[in-house]
Amino acid sequence: MSAVLAPDTGPDAGVVWHFGDPLGEQRAAASNAILVDRSHRAVLTLTGKDRQTWLHSISTQHVSALPDGAVTENLSLDLQGRVEDHWIQTELGRITYLDTESWRGEPLLAYLRKMVFWSDVQVEPAELAVLSLIGPGLTRDPVLNALGLTSPPEESTAVALPSGGFLRRLAAPGMEFDLVIGRDRVDEWTQRLTAAGVQQAGVWAYEAHRVATKRPRLGVDTDERTIPHEVGWIESAVHLDKGCYRGQETVARVHNLGKPPRMLVLLQLDGSADRPATGDPVTAGGRTVGRLGTVVEHVDEGPIALALLKRGLPADTELVTGGEVAVPAAIDPDSMPAADTAGAGRLAVERLRGR
């Protein structure tokens, strides 16, 4: 197959964007199963008897006693509660695996090592690759046999593979796995899975699937001001009843008293105009109301994008985005966050004011 690489200006530069039929690859993800090489992601390992309690104290998720095989999302925040790092965390065989965006691998490694102090924790980069599998065909016997399994793992769990590495199932709509294996075995696993009927696909197909399910990506759908509440990570990557960690004050204050200033939504873009780019402003009536995140062509939805918009903006607001060329955009009403409900702190304040 003829591999086309992702644009040099994007976060997936150097990775296969598609194999000549990007929309057909998306169709295969919906009807059968695809394999996407995402081995540009950075993988770190934590070992040592204190690794769980230590990581628990410096991150947003409750991970002090994760059982073997658990999979979760986690964040590191700055002092103002803004997101610095997001990773997928897997606990397996007395090792904690963290995988994140390629460009955050070294900064996250440096930060974690700096925070070790006296704890019995070793943080190391790992020569592991992430291959993503998407589609209903993953439950077929030939695919399970190729993986060495008799049934798919439960959601948010990982299982060790007989031949090394592990397979995890993500908490995502539909059937989605990540195969985490040694980098020297990527070709071997690709051949094994394609022989079982899984189609190779590029990152374009993965990104279209991710955007359609409204899952944000660090540094693309977030910026330097993003807090977890704005992009849905407050539900998936933050535990609201755990002890102190950096940025907790902002998390608690917004949860109990206020409302996040922005919201993540899905935009439908005008397909007749030039494609806008990540970071372009989104305007309403000539006033900037947000920023554009991932932009991708979806096989069924056409051009779509994630965007961080001013919270409270009505779903029927006429929007425009793009750089030199104005591109009309509309909010997908199904992507709007649930109506705001007052937290306990806000209700107490209103009672004191006699409301």
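In this predicted model, Ser76 is a good place to start, and it belongs to strand β5, which covers residues 71-77. The relative accessibility of Ser76 is 1%, so this residue counts as buried, the cut-off being under 20%. Leaving aside residues up to four places away in sequence, Ser76 is in contact with Arg82, Val83, Glu84, Asp85, Trp87, Tyr111 and Arg246.

Attention now turns to a sheet. Six strands form an open sheet with mixed pairing, and reading across it gives the order β10-β11-β12-β9-β3-β13. The edges are taken by β10 (157-160) and β13 (199-201); each has a single partner strand, and therefore one side of each is left without a neighbour in the sheet. On average, and with direction ignored, neighbouring strands here are turned by 25 degrees against each other.

The pairing of β13 can be followed down to single residues. Its partner is strand β3 (residues 34-37), and the two run in the parallel sense, joined over three bridges. Within this pairing, Leu35 has Gln200 of β13 as its bridge partner.

Two helices pack on this same sheet. Helix α1, made of residues 22-31, touches β3, β9 (128-134) and β13. The direction of α1 makes about 130 degrees with that of β13. Helix α6, made of residues 203-212, also packs on the sheet, where it touches β3, β9, β12 (176-182) and β13. For α6, the angle is given against β3, and the two directions make about 105 degrees. Strands β3, β9 and β13 are thus touched by α1 and also by α6.

Key: Residues are numbered from 1 along each chain as its sequence is written. This is a predicted model: local features need pLDDT of at least 70, side-chain atom pairs count only at pLDDT 80 or more; totals for chains, interfaces and linings use all residues. Side-chain values use heavy atoms; hydrogens and water are left out. Two strands pair if DSSP finds at least two bridges between them. Helices (H or I, at least four residues) and strands (E, at least two) are DSSP runs, numbered from the N terminus. Axes are lines fitted to C-alpha atoms, for helices over the stretch in contact, and angles run from 0 to 180 degrees between N-to-C directions. Contact means heavy atoms within 4.5 Å. Buried means under 20% relative accessible area, exposed over 50%, partly exposed in between (1.4 Å probe, protein chains only).
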